[in-house]
Amino acid sequence: MDDKKENEKEKHEGINHEEEEEDEEGNKRAVVLGPQVPLKEQLELDKDDESLRRWKEQLLGQVDTEQLGETAEPEVKVLDLTILSPGRPDLVLPIPFQADEKGYAFALKDGSPYSFRFSFIVSNNIVSGLKYTNTVWKTGVRVENQKMMLGTFSPQQEPYIYEGEEETTPAGIFARGSYSAKLKFFDDDGKCYLEMSYYFEIRKEWPATQ
């Protein structure tokens with residue numbers, strides 16, 4: 001790779017924080033990386049250089065330029081959560097959740113298989129290492145702490161869809177009742193795109209209206 005491409009690669013990979021590396025004696029030292037550059041600006045740099053343009057396409061994939069802003073910071077908007085359960089209609093919950101008269105965002109039947117499906121939009125720049133956590137408590141005791149890596153995504157107009165693995169709600173009379181939870185989406189740099197608390201219920205039967 002020539003110097004021109006190498007410089008472009010360094011601009012793309014640079015982020016505005018410190019990393020550590022080890023010297024020959026095994027001692028760690030801080031390395032200050034270059035500032036992050038807006039993706040729109042990177043795509044405009046040397047756009048007449050055919051070989052460099054192809055290298056950028058291989059690195060970035062197909063980027064929707066309409067979703068690019070002037071800022072270097074990526075943006076992620078989580079649109080909705082869909083609850084999937086075999087034999088049941090899909091339950092689509094726009095984010096933020098709208099609680100019912102009891103304060104619950106949704107209700108699940110005990111001992112039932114289910115999975116979550118999220119849709120989200122990425123704009124402005126590539127988001128690296130997007131992940132989410134979903135922590136659940138019952139009567140003040142943490143009963144679940146799920147953390148899932150979603151991946152790295154380029155800006156595009158169409159929503160990305162992520163569907164989690166199928167799980168089963170706890171069963172039995174002691175499993176039923178009210179649960180509190182906190183959902184959080186963030187990236188490798190620690191930038192938080194959504195942090196939301198909510199309540200849900202596990203019941204003996206599915207709600208008639210759900």
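In this predicted model, a search of the whole structure yields 16 aromatic pairs. One pair joins Phe120 and Phe153, whose ring centres are 5.2 Å apart; their planes meet at 85 degrees, so the arrangement is edge-to-face, the cut-off for that class being over 60 degrees. The contact links distant parts of the chain, since Phe120 belongs to strand 6 and Phe153 to strand 8, with the two residues 33 apart. Phe120 is buried, and Phe153 is buried as well.

Aromatic residues also gather into a cluster. Phe97, Phe106, Tyr114, Phe116, Phe118, Tyr132, Tyr162, Tyr179, Phe185, Tyr198 and Phe200 form one such group. Tyr179, one of the members of this cluster, has Lys138 over the face of its ring, at 5.6 Å from the ring centre. A further lysine is placed over an aromatic ring: the charged end of Lys184 sits over Phe186, 5.4 Å from the centre of the ring.

The strands around these residues can be followed through their pairing. Strand 11, which spans residues 177-186, pairs with strand 7 in the antiparallel sense over seven bridges. Within this pairing, Val136 stands opposite Ala181 of strand 11. Strand 11 also pairs with strand 12, again in the antiparallel sense, over ten bridges. Here Lys182 stands opposite Ser197 of strand 12. Strands 11 and 12 form a hairpin with five residues between them, and in this hairpin Gly190 takes a positive phi near 85 degrees. In a regular strand, side chains alternate between the two faces of the sheet.

Several of the elements already named return in the lining of a pocket. The second largest pocket has a volume of about 290 Å³. Its lining comprises 23 residues, of which Tyr114, Val136, Glu144, Glu167 and Phe200 are the closest to the centre of the pocket. The elements that each give two or more residues to this lining are strand 5 (106-109), strand 6 (113-123), strand 7 (127-138), strand 8 (141-153), strand 10 (167-168) and strand 12 (192-203). Strand 6 gives the most, with four residues. By residue class, the lining of the second largest pocket divides into 14 nonpolar, six polar and three charged residues.

Some residues connect these descriptions. Tyr114 and Phe200 belong to the aromatic cluster and are among the residues closest to the centre of the second largest pocket. Val136, likewise among those closest to the pocket centre, is the residue that stands opposite Ala181 in strand 11.

Methods: Residues are numbered from 1 along each chain as its sequence is written. This is a predicted model: local features need pLDDT of at least 70, side-chain atom pairs count only at pLDDT 80 or more; totals for chains, interfaces and linings use all residues. Side-chain values use heavy atoms; hydrogens and water are left out. On a 1 Å grid over the protein atoms alone, a cavity is a set of points where a 1.4 Å probe fits but cannot get out, and a pocket is an open set with protein on both sides within 12 Å along at least five of seven lines; lining residues have an atom within 4 Å of a point. Grid points are joined across faces, edges and corners, and a volume is the space filled by probe spheres set on the points. Ala, Val, Leu, Ile, Met, Phe, Trp, Tyr, Cys and Pro count as nonpolar, Asp, Glu, Lys and Arg as charged, and the others, Gly among them, as polar. Rings of Phe, Tyr and Trp (its six-membered ring) pair if their centres lie within 6.5 Å; planes under 30 degrees apart count as stacked, over 60 as edge-to-face and the rest as tilted. Buried means under 20% relative accessible area, exposed over 50%, partly exposed in between (1.4 Å probe, protein chains only). A charge sits over a ring if NZ of Lys or CZ of Arg is within 6 Å of the ring centre and within 35 degrees of the ring normal. Two strands pair if DSSP finds at least two bridges between them.
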